Amino acid sequence: MKHESTDQTAWRCDKCQQELELTKVKVKYMEGNFEVDLPKCPSCHQVFIDEALALGKMKEVEEGLEDK
Amino acid sequence: MNLDKLLATGDRCIHKEPPTCTANCPVHLEIIDFLAEIEQGNFQNAYKLMEKKMPFHKILGRICDHPCEAPCERSKAGGSIRISDLEKAVLEYGAYKPKKVWPLPKNKGTVAVIGGGLSGLTAAVDLDKKGCVVTIYEKTNRLGGRLWDFVGDSLTEEVLLQELKAVADKKMPIHFETTVDKNKLSELLATYDAVYLGTAAWEEEIKWNPLTFQANESALFVGGSLVNQSDSVIFSASSGRRAAISIERFLSKVSLTDSREREGAFETPLHFDISGKEPLAPILKSAAIYSQDEAMAEAKRCVKCQCRKCIEGCVHLRKFEMSPDAYIRQINHSERIILGTHYANKMINSCAECGLCKEECFLNISMSDVIHETRESMVERGKMPASAHDFALKDMAFSNSSRFSLVRKQPSKEESKDLFYYPLISFSDYVKGLYKGTGKTAYLFYPGCQLPASYPDDIKSIYEYLVGHVQGDVGIYLGCCGAPADWGGQQALMQENIEAIKRVWEEMERPTFILACSSCMRIFEKYLPEIKLESLWDIYVREGLPNKDHIKTPQTLSIHDACGTRENSDLHESVRKIVAKLGYGIEELEYTKEKTKCCGYGGLVYYANREQSNAFVSERIGESENDLLVYCAMCKDLFVSGGKRTYHLLDLIYPKADGEAATRKMPTLSERHDNRSRVKQILLKEIWREEPEETMMEDQFKLIIPDDVKQKIEDRYILSEDIQAVLKNAEENNERFCNPETGEYLARLRRDNVTFWVKYEKEENDYILKSVYSHRMEIVEE
Ligand code: SF4
Ligand code: SF4
Ligand code: SF4
Ligand SMILES: [Zn+2]
């Protein structure tokens, strides 16, 4: 799962007022476990997922796993 | 899932069975393809098909006695297709030089062929091609036998000589002027590995096997005029070819009989119904041979006999380009694979389980049942994609939670005392009904979950009507019958739900259920046959309509029957009686009553494959110019969303002031929840005069939702309570992202198995939604 988004640059964590950093993040669904580089708040660890990723690649992978 | 039973069902489907013309052709020319090529003007391709199946196609194509023609289905609608004339035309316009074939090594064994006529030559050429060393014995001084009798306008001497020369060129030894008698035959049998006897007559009777053409289980095989009851040339050729197959098997020492049932002419199990086709007379030839145009026109008359009954009626089968036999093979594959992708899942979840296929199939093959069983098996094996039905199952849980579910007996006489005063007691049927109350619940009104969601204001009116009109006390039971669990293949959940309904029924001393939803009707009939049912619509017909004077502008309506009521013809009649009584004309749709189609909601296809659902909708609403009349809330919802003017029966029975009923937009998914809760509140307050324990969920945040975002929320099955929850968490815990450039916030919250995201802007106390989306994948935040 690769992240291809452009509009994340301006976003920051509202709670910690920190810039997001591209970090390896664990994601899981059903039997699947992966590590993906995603923008994340270095302090509270909130992970940022934008619409294009959620409805694009993520959905595709979800569907793929559901059909396994 | 019983896969043997599944495959047996697939085998019963006659979709792939050959048409009667091909079945009656002893060499099984693929006539549909053949005619289709001609129709397109592709004479060469048609020629290729003749070459593939017909021995000596240049000869037989000109003299075949065409047993394919008489049984042609077209004979019942204008006249048989002139297949043999078309073969002649194809030889004329499509012939090309034969390709050089490289002979196989001759190591299969030695064969003597007695008789150089059509059957002998067919056997000889076939065996030579298969790698046998063939020797021909002919009693005259030339090859061809009775083929010479056919020389004339069609089969010229030139063509015949050419074809016989091609045989001679194969360099098989030919012994001319050699008569073979009994003694000589014994000699040949001792010399060769096998012998084919293709002479016109023989001195003594020979017993032969009609399947293999083998004589006396020996190395002797017979064919041609000896075995034919007629002088059909095509049967002769076919017998030579079939005997050659036997000889090859004999020489290879393999079974002579395995899978040969369909060699030669046979009766096809295909039933083709040509009654719907316009009669068309055969195209006449303007010369001895069809011109190309004439041939194309004649080929066009072929109706391409194939059973597609169910496929024609079903936009699901058409969308996936599946015939039931192929569909079943895919299911079989999907059920068997352990590792790897289950490609058929999406398809299996795109069937509406509407049952039209079974209704259309004269063999009663029910894809609905097959697919339903498959879904149950998928759930059992943990292979059902969670996302397919998740929303509908949650919706069902909602309806069976305290936010909607309710069971009450009719208000007792004692509790209603204060209503028994003049004039109420003489003019209100409802109050009269209460006055007659006995305390024993004879009926339980079960409106289901979708009707209260779509028509929240009518449930109380209907209830009051029932109390005032049916004999005996009427209680109420709000909840969901479990249709989503059934459609989703969730048997365990379904059973649980059924048990719960049964308990209420027992507690209420087994009342008759009054149903108003066609899905409930189907579910109760399927799972609760012990419960006596009545349909609300039947009661209206029996007891009279509630409002007497509501005939608006009389118009003609087309009735769309709900697919769950397919087998309920009494109900179909009741609905029509109500519509007629209300003063409307009725024009039946092509697919109506027991042959009705699904609106696109059935089988949860609406949730599992929206595109497929839309295809159901648009096909159905395209069937008629008239406004539609439906009696299921979901049918109405889908048709109106598809842009079709549609009335629900309740729109006509309980007309409302707020605008045009036929175009009124149906409530959103969230509003459906709210409406159900509201129905419960209204009933409790106004009928039972109780203060509801549960208060309606109040929205904490005031949302401003632009139309495009509203549509997204619906399409993505997101509820306003999900949005409220995300905002609550974001606002209270500051768990959100912000974009200083745009002033927007983005917040997420995982609820159950879904993470919801809301992008919004704040203005004073308003929350302006920019976008809403979700994913099921879990992000580990650490
Ligand atoms: S109509 Fe066409 S497919 Fe049907 S029997 Fe006749 S030739 Fe064959
Ligand atoms: S049940 Fe309905 S949707 Fe499913 S295959 Fe049969 S006709 Fe098509
Ligand atoms: S109606 Fe459909 S299921 Fe029945 S035989 Fe024909 S193609 Fe097969
Ligand atoms: Zn943070």
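Q: What makes the meeting of the side chains of B:Lys593 and B:Glu573 a salt bridge?
A: A salt bridge is a side-chain nitrogen of Lys or Arg within 4 Å of a carboxyl oxygen of Asp or Glu. The N to O distance between B:Lys593 and B:Glu573 is 3.5 Å, so the pair satisfies the definition. This is a predicted model, in which local features need pLDDT of at least 70 and side-chain atom pairs count only at pLDDT 80 or more, while totals for chains, interfaces and linings use all residues; side-chain values use heavy atoms, with hydrogens and water left out. Residues are numbered from 1 along each chain as its sequence is written, and chains are lettered from A and ligands numbered from 1 in the order in which they are written.

Q: Where do B:Lys593 and B:Glu573 lie in chain B?
A: B:Glu573 belongs to helix H28 (residues 569–581) of chain B, and B:Lys593 to the loop between strand S13 (585–586) and helix H29 (605–608) of chain B, 20 residues apart. Helices (H or I, at least four residues) and strands (E, at least two) are DSSP runs, numbered from the N terminus.

Q: Why are B:Lys593 and B:Glu573 called partly exposed?
A: Buried means under 20% relative accessible area, exposed over 50%, and partly exposed in between (1.4 Å probe, protein chains only). B:Lys593 has a relative accessible area of 23% and is therefore partly exposed. At 36%, B:Glu573 is also partly exposed.

Q: How do you know that the salt bridge between B:Glu39 and B:Lys304 ties together parts that are far apart in sequence?
A: The two side chains meet at 2.9 Å, N to O. B:Glu39 lies in helix H3 (residues 31–39) of chain B, whereas B:Lys304 lies in the loop between helix H11 (292–300) and helix H12 (309–313) of chain B, so the joined parts are 265 residues apart in sequence. B:Glu39, at 22% relative accessibility, is partly exposed, and B:Lys304 is partly exposed at 29%.

Q: What makes B:Lys130 and B:Glu248 a link between distant parts of the chain?
A: Their side chains form a salt bridge of 3.6 Å, N to O. B:Lys130 is in helix H7 (residues 118–130) of chain B and B:Glu248 in helix H10 (residues 233–251) of chain B, 118 residues apart. B:Glu248 counts as partly exposed, with a relative accessibility of 21%.

Q: Which residues are linked in a network of salt bridges, and how many salt bridges does the structure hold?
A: The network links B:Arg318, B:Lys597, B:Glu619, B:Arg620 and B:Glu623. Over all chains, the structure holds 74 salt bridges.

Q: What places a residue around ligand 2?
A: A residue is near a molecule if one of its heavy atoms lies within 4 Å of it. The residues around ligand 2 include B:Cys314, B:His316, B:Cys351, B:Glu353, B:Cys354, B:Cys357 and B:Phe616. Helix H16 (356–360) and helix H17 (367–380) of chain B are the elements that give two or more residues to this shell.

Q: How is the shell around ligand 2 divided by residue type?
A: Ala, Val, Leu, Ile, Met, Phe, Trp, Tyr, Cys and Pro count as nonpolar, Asp, Glu, Lys and Arg as charged, and the others, Gly among them, as polar. By this rule the shell around ligand 2 has eight nonpolar, three polar and one charged residue. The shell around ligand 3 has seven nonpolar, one polar and one charged residue; among its members are B:Cys13, B:His15, B:Lys309 and B:Cys361.

Q: What makes S17(B) and S18(B) a pair?
A: Two strands pair if DSSP finds at least two bridges between them. Strand S17 (residues 737–739) and strand S18 (residues 744–751) of chain B are joined by three bridges in the antiparallel sense, so they meet this definition. B:Asn739 has B:Glu744 in S18(B) as its bridge partner. The two strands form a hairpin with four residues between them, and B:Gly743 in the turn has a positive phi of about 75 degrees.

Q: How many bridges join S18(B) to strand S19 (residues 754–763) of chain B?
A: Seven bridges join these strands, in the antiparallel sense. B:Arg750 stands opposite B:Thr755 in S19(B).
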